[in-house]
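Before reading on, please look over the sequence and the fold together. The walk below goes from the chain as a whole to a few chosen places in it.

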Amino acid sequence: MVDTEAAALRAAGQPGAAVPTQFITVATTRPETMLGDTAVAVNPKDERYTHLHGKHVLLPLMNREIPIITDELAQPEFGTGAVKVTPAHDPNDFEAGLRHNLPQIEVIDEHAKMNANAGPYAGLDRFAAREHVVQDLSEQGFLVGTKDYTIALGKCDRSGTIVEPRLSTQWFIRIAPLAKRAIEVVEKGYIRFTPENYGQNLFELDAQHPRLVHLAAAVVGHRIPAWYCTNNDCKEVVVAREAPSACKCGSTKLEQDTDVLDTWFSSGLLPFTTLGWPAATRDEEVFYPNSLMITGFDILFFWVARMIMLGCWFMMPPHKPGNPRLAPKGRARTWGTESEDALRASVPFREVYIHALVRDAERQKMSKTKGNVLDPLEVIGQYGTDATRFTLASMAAPGTDIAFSESRTAGYRNFANKIWNAARFMFMNVDRIRSADPSWRLPRMGEAYIPLRESPPQTLEDRWIFSRFNRAAKDVNESLQSYRFDEAANRIYDFFWGDFCDWYLELIKPRLAFDEGGNTTDAKVCVFESGYAIRCIVAPVAPVHAVYY
């Protein structure tokens, strides 16, 4: 979670080693990390520091000589134009350190305390060390000044503590080749996103995420395929597809890394590893690729992108051309071919529907820590299953989240009651028809629909309601096919409450009074056919009440 917090912007003078009377001033919001500085960076285009290129300075407090490097990390218009470089405690400094082959000195341990590399500050909490460093800089005459400065701070969502960047041993996956193939299948339409704009997010994979960490200290998962040579003179790390029998030094004493892939990378492998991969199986033939993936946008990158990248890579690996894979309709194909058919068949699913997130009435994401979580079982218990379902469907507009409100659900409970009352009215007339014609009954669930009339409806109201029904059914089907569940729900609502209940039921009441001259056959047709039509159109959003018809 990113939060903003006021911090002090402090500038410390660092005396030039070659010319002790010269100083270069840098600014930092984390003075305690300067104990691990290994360079000072200036922009190569900044003329103020041209005379210092290639020089060295003496780091205050630690009396360590460090180089002045030229790097784009330093922005001339920001601060003093010179920045301290701490590769062990800043991701941007880490990258700069790799570019200039700088040492990485950790001064903060995993408990956020200063370690032995911090010299006299060892054992202090990072914030206590910050105050001591500023005080010592001031006392020794190296402090130029301080001022308030607002920055973005990464904080733990649970504890609220500030996250401290530090070095750790991690395994990474190089994303570029995986992302290239994932982007290609989306661009060619082999995977379709709804809404379409979410597909554009995949195009940023390669640029924004050149490497992705995939290590997790978990008990169960896909184990890292890396083996360490235990020979003290070697210490080689072997990464291989199969367990190696020996190290290149000849030693057979190899130990596999105990860490496993993190949850998202393990989940990204599921579409094909659960079907027998790498063997060509009947399950893989039938179920891969899948037709539809439904998920929320918040895990689009974490999960969906990984499934696409890994599926398109491992279901069409470039280095296994001899591993056969069965194809539908008996048409053989092989892994490793670069044909369009092979690429199209490598995707894990054909469509991705990004559904809305259900938030609270204030549009805040529900969280146990915030205390704004709604228990769906409690909502269902109060308003009913169909009312809850209809609320979610009617508000599920593509690209927007659902601000769930119980008052809205209460309104749709009235709609569910309307369905029940209409069904009760029709069944009441069924009983009256049976009293006049004991041999007649409604078809049971699962029985085929047999029309009771051989010709189209003759009365104006019958022709009108079935015309309205056919038009509504067409609109609902089109909305469902395009994942516009909100439009489908609202169309059903308008047809049932407005056309069917408010108009049609009122119009046919005189015809159902067959004891006063009404026709029982005509009554059967009205009750049966209209009830069947209502069952069909209401079922997607109110399945519990649909069975009443």
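What follows begins with the overall figures and then turns to single elements and residues.

The model shown here is predicted, and its chain contains 16 helices and 21 strands. Of the 549 residues, 43% count as buried, while the accessible surface of the chain comes to about 29300 Å², with 54% of that area belonging to carbon and sulfur atoms. Among the contacts in the chain with a separation of 6 or more, 70% are accounted for by residues 24 or more positions apart.

A useful place to enter the fold is strand 6, which spans residues 82-85 and is covered on both of its faces. In a regular strand the side chains alternate between the two faces of the sheet. In strand 6, Ala82 and Lys84 lie on one side, Val83 and Val85 lie on the other, and all four are buried. The strand is joined by four bridges to strand 3 (residues 39-42), and the two run antiparallel; within this pairing, Val85 is the bridge partner of Ala39.

Strand 6 also has a helix packed against it, since the buried residues of helix 1 (residues 91-100) make their packing there. Which residues of helix 1 are buried? They are Asp93, Ala96 and Gly97, and because they fall within an arc of 105° when seen down the helix axis, they line one face of helix 1. An α-helix has 3.6 residues a turn, so residues three or four places apart point the same way. The face of helix 1 turned away from this buried side carries the exposed residues Pro91 and Arg99.

Of the residues on the buried side, Asp93 can be followed in more detail. This residue of helix 1 has a relative accessible area of 9%, under the 20% limit, and is therefore buried. Leaving aside residues up to four places away in sequence, Asp93 touches Leu73, Lys84, Val85, Thr86 and Pro87, and of these Lys84 and Val85 belong to the buried residues of strand 6. The C-alpha atoms of Asp93 and Leu73 are separated by 7.8 Å, with the two residues 20 apart along the chain.

In the loop between helix 1 and helix 2 (126-139) comes Asn101, a residue other than glycine whose phi is nevertheless positive, near 55°. Asn101 counts as exposed because its relative accessibility is 70%, over the 50% that the term requires. A positive phi is also found at Lys235, where the value is near 60° and the residue is again not a glycine. Lys235 is placed in the loop between strand 12 (226-229) and strand 13 (237-239), and with a relative accessible area of 52% this lysine is exposed.

The backbone has further features of note at two prolines. The peptide bond from Thr194 to Pro195 is cis, with omega near -5°; Thr194 lies in strand 9, whereas Pro195 sits in the loop between strand 9 (192-194) and helix 4 (205-208). Is Thr194 buried or exposed? At 10% relative accessibility Thr194 counts as buried, and beyond the residues up to four places away in sequence it touches Val352, Tyr353, Ile354, Ser482 and Tyr483. The peptide bond from Trp277 to Pro278 is likewise cis, with omega near 10°, and Pro278 is found in the loop between helix 6 (270-273) and helix 7 (282-287).

Helix 11 (residues 385-394) offers another view of burial: seven of its 10 residues are buried, so this helix is largely enclosed by the rest of the structure. The buried residues of helix 11 are Asp386, Ala387, Thr388, Phe390, Thr391, Ala393 and Ser394.

The last stop is on the surface, where Trp464, Trp503 and Leu507 form a nonpolar patch with about 320 Å² of accessible area together. Leu507 has its place in helix 14 (residues 485-512), and because its relative accessibility is 40%, between the 20% and 50% limits, Leu507 counts as partly exposed.

Terms used. Residues numbered from 1 in each chain as written. Predicted model: local features only at pLDDT ≥ 70, side-chain atom pairs only at ≥ 80, totals over all residues. Heavy atoms only, no water. Patch = residues over 30% accessible without salt bridge, like charges linked within 9 Å, V, L, I, M, F, W, Y side chains within 5 Å. Areas by Shrake-Rupley, 256 points an atom, 1.4 Å probe, with all protein chains shown as cover. Salt bridge = Lys/Arg side-chain N within 4 Å of Asp/Glu carboxyl O. Buried < 20%, exposed > 50% of the residue type's maximum accessible area, 1.4 Å probe, protein only. Pairing = 2+ DSSP bridges. Arc of directions from axis to C-beta. Contact = heavy atoms within 4.5 Å.
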